[in-house]
Amino acid sequence: EVLQTLQDALGNLITTEGISQEQLDVWQARPLAGGFELPPTPQSKMWIDTLCFSGLKVNIWAHVDLMTLRPSIRRTLRAFVAGSKSFNVSGAQLKLKPKTFRDVSAIGSDLAKCYVFSIVKAAGSIIRSCTLFEIPVTFVWFMAQGASGIMLTLDFLVHHASDILEVATLDQEYMRGNSSARAHDDEEVVGLRSGLGVAGNHVVKGLWHLGDIVRLPVQGARRYGVGGFLKGLCRGVVGVVLKPAVEVGLSVRAVARAASMEFESLKERVPLGCRRRLPRVMYPGGAIRDYDVEAAKIAKCLRLATFPAGTSTKDQHFIQQIRGDVHEQLLISQIGVPPETQRTVMVLTGSKLCLLEIEVKGGRITVSLKWGLKIIEVKQVSATGEGVTIQGEVVEQELRGVGASRSVAASGLAGRIASLAPRRGTVVRRIVKVEYKIPCSEAARIQEIFRILRPLQSLGCIVHLPK
């Protein structure tokens, strides 16, 4: 009874419905064979309800030194950039406007569809700003200039040839009519279309003059009889040969002048006026040095710069004096990227040494004076951990003894006369020691500063050369 009770209680735990004990024994003796295969992974897909794109603006400035490329590639590219050793992209721009996207499933394709015009425009900006197509532009410009010169030469030759043929017609009325017609044609021809119109009129006139061989003898016979007939016949024979030739010449002249105007217009549309590089810096004394890009940029900024608000009259006068007398210039530091930059520049002239700050922002160039000294005031130059220290002695003048006489109040006519009278004072001169810094941490830049300032030793300045 006890065993029956246990079997009834544990029967549901020992046996399972649908699987017999024999099957369990078989599985125990011979387990299932073969690897377990994972089901295929479902493709993941991302959906975005709302995507807010804030926009993007990228200014592209690039410089590639062609001399570092392989010879085969270098020779090919140099043929396109007028033999230059570098390839430049100056100021290309990629600009994407802000936009909100709804129910986005493929971010890349949706952005590409929306901004395809902006991307194409950016590619055009890169092509327009690079130096790759300067040779074709130059070729087109010179071709247009040559064609314009040829057309003008043809106009000159046809003009004088027509004059000779016109005189040979012996027809005074025809010559007078052509004289006024030419003045009208010169005003009428302003382009290719008007030139073709004027040329067509002259062709029609030439065909009309083919009938002179009949028309002129008849007119002469009506007016003067047989003598007029013979005279009209002679004029008609000459006119039927020469007058169409004159009209053809005038039509060719009109087309040549119109074509010359079109070629001149093409020259103006071709952007050949942009320089491949900035003008070379011309130093005093006629010295010619190796071309320096940074020096050319600094010289241009210094020439075009204005003064920021709050610049004192003394600083403005100092900067005006150094603009046309720059002997040496050195870029100390630069913050930002073109077209918005802030440069710190050391400038040495024939009589002054100064540190300037040139800022380019929003298309406006400003220059401010950080410090400035006369060369004779520079006494010592030394290198420190923060850069280069300039020590100098400045002579300051002070007028004393004037304030006391002005403090006396005056009234009436006597007071006015006394105020106009010259006051005596004493000019006191004193020497003030000053110290200025050229912040610089690069060893090569510090060496360059000392190279520029080394000639000051001849004026008594102590220059401690860095080791």
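**Asking for the reasons behind the labels**

Modeller: Asp290 lies in the loop between α10 and α11 (293-304), and since this is a predicted model, everything I say about Asp290 and the other residues is computed from the model.

Colleague: Why is Asp290 called exposed?

Modeller: The relative accessible area of Asp290 is 75%, and because the label is given to values over 50%, Asp290 counts as exposed.

Colleague: How far apart are Asp290 and Arg280 in sequence and in space?

Modeller: They are separated by 10 residues in sequence, while their C-alpha atoms lie 9.0 Å apart in space.

Colleague: How many disulfides does the structure have, and what makes you say so?

Modeller: The count is zero, because a disulfide would need two cysteine sulfur atoms within 2.5 Å of each other.

Colleague: Is Cys52 buried or exposed, and how do you know?

Modeller: Cys52 has 57% relative accessibility, so it falls in the exposed class, for which the value has to be over 50%.

Colleague: And what about Cys301, buried or exposed?

Modeller: Cys301 comes to 8% relative accessibility and is therefore buried, the cut-off for that class being under 20%.

Colleague: What makes the contact between Arg451 and Glu328 a salt bridge?

Modeller: The side chains of Arg451 and Glu328 have a nitrogen and an oxygen 3.8 Å apart, and because the definition asks for a distance within 4 Å, the pair qualifies; the structure holds seven salt bridges. Arg451 belongs to helix α15 (residues 443-453) and Glu328 to strand β5 (residues 326-337), so this salt bridge ties together parts that are 123 residues apart in sequence.

Colleague: Which accessibility class do Arg451 and Glu328 fall into, and why?

Modeller: Arg451 is partly exposed, because its relative accessibility is 41%, whereas Glu328 is buried, because its relative accessible area is 16%.

Colleague: How do you know that Glu396 and Arg430 form a salt bridge?

Modeller: Their closest N and O atoms are 3.4 Å apart, which is within the 4 Å that the definition allows. This pair links distant parts of the chain, Glu396 being in strand β10 (residues 387-400) and Arg430 in strand β11 (residues 426-439), 34 residues apart. Glu396 is called partly exposed because its relative accessible area is 34%, and Arg430 is partly exposed because its relative accessibility is 47%.

Colleague: What is the N to O distance between Arg445 and Glu442, and why are they called partners in a salt bridge?

Modeller: The distance is 3.6 Å, which satisfies the limit of 4 Å, so Arg445 and Glu442 count as a salt bridge. Arg445, at 22% relative accessibility, is partly exposed, and Glu442, with a relative accessible area of 45%, is partly exposed. Elsewhere, Asp155, Arg253 and Arg257 are joined into one network by salt bridges that share partners.

Colleague: Which residues make the nonpolar surface patch?

Modeller: The patch, of about 660 Å², is made by Ile213, Val214, Val218, Val226, Phe229, Leu230, Leu233 and Val237. Helices α9 (212-224) and α10 (226-269) each supply at least two of its residues, and α10 gives the most, with five.

Colleague: Why is Leu233 called partly exposed?

Modeller: Leu233, which lies in helix α10, has a relative accessible area of 32% and is therefore partly exposed; because patch members need over 30%, Leu233 meets that condition.

Colleague: Which members of the largest nonpolar core touch the most other members?

Modeller: They are Met346, Val381, Ile390 and Ile438, in a core of 25 residues. The elements that contribute two or more residues to this core are β5, β6 (340-349), β7 (352-361), β8 (364-374), β9 (378-384), β10, β11 and α15, with α15 giving the most, five residues. Beyond its neighbours within four places in sequence, Ile390 has contacts that include Leu353, Trp371, Val381, Ile438 and Leu453. A second, separate core has 19 residues, among them Ile298, Val326, Leu331 and Cys354.

Colleague: What share of the residues in the protein chain is buried?

Modeller: Buried residues are 29% of the 467 in the protein chain, whose secondary structure comes to 15 helices and 12 strands.

Terms used. Residues numbered from 1 in each chain as written. Predicted model: local features only at pLDDT ≥ 70, side-chain atom pairs only at ≥ 80, totals over all residues. Heavy atoms only, no water. Buried < 20%, exposed > 50% of the residue type's maximum accessible area, 1.4 Å probe, protein only. Helix = DSSP H or I, 4+ residues; strand = E, 2+ residues; numbered from the N terminus. Patch = residues over 30% accessible without salt bridge, like charges linked within 9 Å, V, L, I, M, F, W, Y side chains within 5 Å. Areas by Shrake-Rupley, 256 points an atom, 1.4 Å probe, with all protein chains shown as cover. Core = buried A, V, L, I, M, F, W, Y, C linked by side-chain atoms within 4.5 Å. Contact = heavy atoms within 4.5 Å.
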